[in-house]
Amino acid sequence: MQEVHGYKLVYLDNAATSQKPASVLKALRDYYEGYNANVHRGVHALSAKATDEYELARKKVADFINSPSDRDVVFTRNASEAINLVAYTWGLTNLKEGDEIVLSVAEHHSNLVPWQLVSQKTGAVLRFVDLTSEETLDLEQLKGLLNERTKLVSTFHVSNVLGCINPIADIVEWAHAVGAKVLVDACQSVPHMAVDVQALGADFLVASSHKMCGPTGMGFLWGKSEILESMPPFLGGGEMIVDVFLDRSTYASPPSRFEAGTPAIGEAIGLGAAVDYLNRIGMDRIHEYEMELSKYLYESLSKIPSVKIYGPPAGSNGERRASLCAFNVEGIHATDLSTFLDQQHGIAVRSGHHCTQPLHRYLGINASARASLYFYNTTDEVDTFINGLKDTIDFFSAFK
């Protein structure tokens, strides 16, 4: 077990990135040591093996989210690139002045900045959904914003700060009723629960490999086949073409159309190994365990009088919120608190705005600390965190 500053490491920063199992590291090593070659380009044995494993990883991801076809899964560098891909292909093609994009005040910057850029280029207008008194998405306000000008609703499945879980299937039904498309930021849901794109009904969904036990530098976009087919290329170069002439080119069908150049081959294969690993455990089993852990974390934090937790309370089985808590302690800056937890207790939590500056302004704070759990965390680690937090509060209280 790894030690940090002389203490047994307690890693509670899983919403930022997850740890990697041995099987994922082995998959990466096997590729680079055993069949390192480019994909889709060679007829020799190594290239054929690399291509097979790369495309098998795509099929594993497709099956993992219950996609009707693996051709609907586009590999990207991360979820941010996946959202940008939609913004700069579907967005610039379909949005015009006066059209409306509905977002929320709680979106990650990756699901806000691309739409700001697109709105500046097209004249489309951004509309924002506020929070309820329990700091969940105001669904009644969302429904009230939808109209014939609404072309896109783009929102999180699980908030990386509030921990609240959006009813995506309902949001999709409301949006589709006015002819709008829906993009789901599933970075905090795909690693933690069974996600079925057909049941959700959304038009686009994005997620990141590194939050689901896979390598960094890899994410994916899922989109409905007919929509992907209608979208122009995102980047130009090798692999995304059918024919190239000096004055024009014709383009491949999705997903190749959106995967210009040599892809992150090893990382894709590593993601496939991560999917295998999660499947062996079982996503329903992971979700059930995390809901218990979520409730334990929330209730333990709630017992400390000076702590303010953001987002809704945990339900009887934790279902009202995911397994993370962003919080502040009265009189202690989140960065000071997180630094002390690290250096004096070996506890890794995140501090800052968590790539949600507008949300923090909405909440009237400039930063928060965040403890985020995964299936390999335990109640004992939560206890260690709570005891370390109490010690941290006692330490800083001595200077008041």
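Two residues are said to be in contact here when heavy atoms of theirs lie within 4.5 Å of each other. With that meaning in hand, we can walk through this structure, which is a predicted model, beginning with a pair of neighbouring helices. In helix H3, the residues Ile83, Asn84, Val86, Ala87, Tyr88, Gly91 and Leu92 meet Pro114, Trp115, Leu117, Val118, Lys121 and Thr122 of helix H4. Sorted by the character of their side chains, the residues of this contact between H3 and H4 comprise 9 nonpolar, 3 polar and 1 charged. Helix H3 covers residues 79–94 and helix H4 covers residues 113–122, and their axes, which come within 9 Å, cross at roughly 20 degrees. Since angles under 35 degrees count as roughly parallel, H3 is therefore roughly parallel to H4. The way in which H3 passes H4 is a right-handed crossing.

Stepping back to the whole protein, the secondary structure comes to 13 helices and 17 strands. The radius of gyration is 22 Å, close to the 21 Å that the globule rule gives for 400 residues, so the protein is as compact as a globular protein of that length. If the C-alpha trace is followed along its principal axes, it spans about 75 × 55 × 35 Å.

Some of the strands can now be placed in sheets. One open sheet has 7 strands, arranged in the order E4-E10-E9-E8-E7-E5-E6, and the pairing within it is mixed. At its edges stand strand E4 (73–76) and strand E6 (125–129), each of which pairs on one side only. On average, and with direction ignored, neighbouring strands of this sheet are turned by 20 degrees against each other. As an example of the pairing, strand E5, made of residues 100–104, and strand E7, made of residues 150–156, run in the parallel sense and share 3 bridges; in this pair, Val102 has Val153 of E7 as its bridge partner.

Helix H2 offers a link between this sheet and another helix. It lies across E4 and strand E10 (219–223), and its direction makes about 115 degrees with that of E4. H2, which consists of residues 45–64, also meets helix H9, residues 265–281: the two axes come within 8 Å and cross at roughly 40 degrees. The two helices are therefore oblique to each other, and their crossing is left-handed. On the H2 side the contact is made by Glu53, Tyr54, Ala57, Lys60, Val61 and Phe64, while on the H9 side the residues are Ile265, Ala268, Ile269, Leu271, Gly272, Val275, Asp276, Leu278 and Asn279. Taken together, the residues of this contact are 10 nonpolar, 2 polar and 3 charged.

A second open sheet is built from 4 strands in the order E13-E14-E17-E16, with antiparallel pairing. Strand E13 (307–309) and strand E16 (350–352) stand at its edges with a single partner strand each, so one side of each is left without a neighbour in the sheet. In this sheet, neighbouring strands are turned by 30 degrees against each other on average, direction ignored. Strand E14, residues 324–329, and strand E17, residues 368–372, pair in the antiparallel sense over 4 bridges, and Cys325 finds its bridge partner in Ala371 of E17. Packed on this sheet is helix H10 (residues 283–302), which touches E13, E14 and E17 and whose direction makes about 10 degrees with that of E14.

A further pair of strands, E11 and E12, is joined by a hairpin through 4 residues. Strand E11 holds residues 241–244 and strand E12 holds residues 249–251; the two run antiparallel and are joined by 3 bridges. Within this pair, Asp243 stands opposite Thr250 of E12.

The walk ends with one more pair of helices, H11 and H13. Helix H11 (residues 334–345) and helix H13 (residues 379–397) pack at an angle of about 115 degrees, with their axes 10 Å apart, and H11 passes H13 in a right-handed crossing. From H11, the residues Asp336, Leu337, Phe340, Leu341 and His345 meet Phe385, Gly388, Leu389, Asp391, Thr392, Phe395 and Phe396 of H13. The residues of this contact divide into 7 nonpolar, 3 polar and 2 charged.

Notes. Residues are numbered from 1 along each chain as its sequence is written. This is a predicted model: local features need pLDDT of at least 70, side-chain atom pairs count only at pLDDT 80 or more; totals for chains, interfaces and linings use all residues. Side-chain values use heavy atoms; hydrogens and water are left out. Axes are lines fitted to C-alpha atoms, for helices over the stretch in contact, and angles run from 0 to 180 degrees between N-to-C directions. Angles under 35 degrees count as roughly parallel, over 145 as roughly antiparallel, 65 to 115 as roughly perpendicular and the rest as oblique. A crossing is left-handed if the near helix is turned anticlockwise from the far one by less than a right angle, and right-handed if clockwise. Ala, Val, Leu, Ile, Met, Phe, Trp, Tyr, Cys and Pro count as nonpolar, Asp, Glu, Lys and Arg as charged, and the others, Gly among them, as polar. Two strands pair if DSSP finds at least two bridges between them. The radius of gyration is taken over C-alpha atoms; the globule rule is 2.2 Å times the number of residues to the power 0.38.
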